[in-house]
Amino acid sequence: MKLNQQILFLLTLLGTLPLLHAATPSRSSARKSSPPAETTPALERKEIRDVWADRARLESSASTPAGRHLLWYTRPAKVWEEALPIGNGALGAMMFGGVADERLQLNVDTLWDGYPLDPNNPESAKALPEIRRLLFDGKNQEAVDLAGKTMMGRPPRIKSYQTLGELWLETPHLQNIQHYSRTLNLDEAWTSVSYAHDGVTCTREAFATAVDRVIVLRFTADKPGQVSFRAILKRERDAQCGPAPADPRSILLTGRIDRKDDAGRQRGMKFAAQLTALNDGGKVSNDEGILTVTGANSVTLLIAGDTSYPGLKNFTGSVETIDPAARCAETIAKASAKSFAVLKEKHIADYQQLAHRVSLDLRPAPAAAAALPTDERIALIKQTGVPDPGLVENYFQFGRYLLISSSRPGSMPANLQGIWAWKLENPWNADFHININLQMNYWPAETTALPECHLPLFDLMDAIVKPGERSAQTLYGARGWVVHHLTDAWGFTAPADGPWGIWPVGAAWLALHPWQHYQFTGDRDFLRQRGWPLMKGAARFILDFLVEAPAGTPAAGKLVTNPSHSPENSFRLPNGQTQLFTYGAAMDLEIIHELLGACVETARVLDCDPDFRAECQRALERLAPVQISRRTGGIQEWIEDYEEVEPQHRHVSHLFGVYPGGMFSLATPELFDAARKSLVRRGDGATGWSLGWKINLWARLHDGDHAFKLVTNLLRDKTLPNLFDTHPPFQIDGNFGAVSGLTEMLLQSHVRTPDGGYEIHLLPALPSAWPQGSVKGLRARGGVTVDLGWQNNKLTQVRLLSKDPVKTRVRYADTTRDLTLSPNRPLVFDDSLAPR
Ligand code: FUC
């Protein structure tokens, strides 16, 4: 087609462009309290004109793109779950890779519905003694009824994290498309689309750079004047798109979430997204917010997104003062001073500085599998029964890519969907769930050498200390801070959703994260300044919250939590009643054991707070013990040996002491064995995140083959075509949980040595499916970087490096050796563990 024909064609097309149709209709979201339906509905849109979404027409011409860690596909995404994520911690997009219509669904990490409020019910503290008495007396239902009336948040639900909007692009490429491919490059963090149209090779590359805080989307063609498209920004609700003031090459989406408080005052946050086209040749015109590019040689689109959220440090501040549109304009002005090549180069360097710290090589990947597109590689597991090693490597690096892309210093922490969520009301509000999910997001942060990516979690914790102290005081009359099973961007710390929301050990679990950051980095200043106040406040609440179990109960005279439950599992009372609420659930005791132990040690390391340390020590000694069930031989999930309603429930809370905790190990052989029985009983199925957790558990139980079986189950059954984990629906925790699990199969460092150090356990759970391989750059507690190689399923070489002097014990199978590492002097040895 000649240029003028193309333009004509384009113009004819414009009349029927989906761009001009009403925005994407919404679906009502699932109830927050219960899992949504089995599958995530596809993004609704006008019927796609994009015939290139029809796979069969492209297959014959697609060839394997070059690159080691690559997701790739031979057709555009039909639904959101096939689109590819990019992100810089704060700003993210899902790119569909359409030919005739391209689409990028946009997110910015701070865009939350809702506003700060005090949800604490003042009736609670008064009712607490009675609720406790009822639970100790076995009147669970009466206790739930009373707690439901007096303890639940007001309101009992939070509002959702929201999509920012969408960028829609239309090209005139309707026919004669060949050689289509779509990739996500995990080595350099960019996604691309490439195809030939009428003999012209067209490419699109996109990345989200943390250096310049924009999304960059570049269109090129291998012949001059061949880049033509139209672009629009849109959002389902609360927004409008128009030309950006005084900038003919820019369009601007502005809006405000419509959220009024009880007094009718508008409290919703403002938001904006700006798109600017930088063209080489051709023409850019702007018709009331529809940007048209014709006949360019290449075009770079810059996209910025922002909100008026006052920040985690100041979330009670006004949402009126910040002008997100002005911020976007400023960000784009700065970024557009750089060439595309510079933007990309700086982005890659910044990403690689984090991503390239760890490499995993599970050779050899069968050539046939390696040549397949990623979706087919996943599908192949159904035939072969196992994931090919290259797919596992990609899954591992993809998980690290997701953490780097959704959690960077200064950004919000990764939520249930990281940053990528396309609805106004997302599944479970895409919130911060604290009874497993948020913590799981950060399981691989330290072990896979991304400690900086852990920092946003501590920012969130700092932010919720104050509201958490109010909840502790109002609901329990306790000191310290508490958060229940979820929180949001507005400091919601009260119980939410239903009785399972009354789970007062959220802060206690979270407080183990700064402790872990210290264990891995050895950063004593961090521990003193940030970690210790968080840990101490969480422990202070626990010390006040624990109560002595009365005479006549199984834990009489011991300290227990009350109320309590084992997330979100129910049991049967001897009278047949199904209940959730109890006292002293095993998980509480395990979390508290871990936290009080960490506090005792921190006070020793920092040489501070002797009285508090003694108080923690006394409570530890009086804590009710975790028991072994007479019924099952497993860890008893509740303080009484109740029968589970759902023995294969997705949560494996009572095994917290195996992972992420370290209370059950070879040093406690009976509990260790009981934990294994419990895990067998829970089965090898469940949600994506549950499988992610179980990989860690089997690794900690030193059963590599069973861990690998769950890796297989996860990749086969709970992995979307774009490698996102699915609950279902998409939930990112399973990606992170599995990366952590893969790491725990190769290296563990949670067991203490007699002199207070950490044992570095090499290949503790290597599966027979990976006979040879190597991993470089993993981190062990004590601040040690570990490289490992193995052949014929046996360790062949090890290299340890630390920047500080470290005394450690290294274990491989039954051999151990005590070593001292000198700063920056690598120690290299083989399977005999004798340094060379
Ligand atoms: C927990 C889990 C659910 C879901 C939700 C976000 O409550 O029990 O399965 O993952 O978090």
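**Exercise 1. Look at strands β28 and β29 in this predicted model. How many bridges join them, and do they run parallel or antiparallel?**

Solution. Start by finding β28 at residues 784-791 and β29 at residues 794-802. Next, count the bridges between these two strands: there are eight. Then follow their directions, which are antiparallel. For a handy landmark, pick Val-786, which has Leu-800 of β29 opposite.

**Exercise 2. Place this pair in its sheet. What is the order of the strands, and which strands stand at the edges?**

Solution. First, a reminder: strands of a sheet pair through backbone hydrogen bonds, either parallel or antiparallel. Here the sheet is open and has five strands, in the order β17-β27-β28-β29-β32, with antiparallel pairing. Now look at the two ends: β17 (359-361) and β32 (827-829) each have a single partner strand, so each has one side without a neighbour in the sheet. Finally, going from one strand to the next, the twist averages 20 degrees.

**Exercise 3. Which strands does helix α9 touch as it packs on the sheet?**

Solution. Locate α9 at residues 389-406. Its contacts are with β17 and with β27 (773-780). To finish, compare directions: those of α9 and β17 make an angle of about 165 degrees.

**Exercise 4. Is Cys-599 buried or exposed, and how many disulfides are there in the model?**

Solution. Begin with accessibility: Cys-599 has a relative accessible area of 0%, so this residue is buried. Cys-453, also at 0%, counts as buried too. Now apply the disulfide cut-off, sulfur atoms within 2.5 Å. The count comes to zero disulfides. For Cys-599, the nearest cysteine sulfur belongs to Cys-616 and lies 4.7 Å away.

Terms used: Residues are numbered from 1 along each chain as its sequence is written. This is a predicted model: local features need pLDDT of at least 70, side-chain atom pairs count only at pLDDT 80 or more; totals for chains, interfaces and linings use all residues. Side-chain values use heavy atoms; hydrogens and water are left out. Buried means under 20% relative accessible area, exposed over 50%, partly exposed in between (1.4 Å probe, protein chains only). Two strands pair if DSSP finds at least two bridges between them. Helices (H or I, at least four residues) and strands (E, at least two) are DSSP runs, numbered from the N terminus. Axes are lines fitted to C-alpha atoms, for helices over the stretch in contact, and angles run from 0 to 180 degrees between N-to-C directions. Contact means heavy atoms within 4.5 Å.
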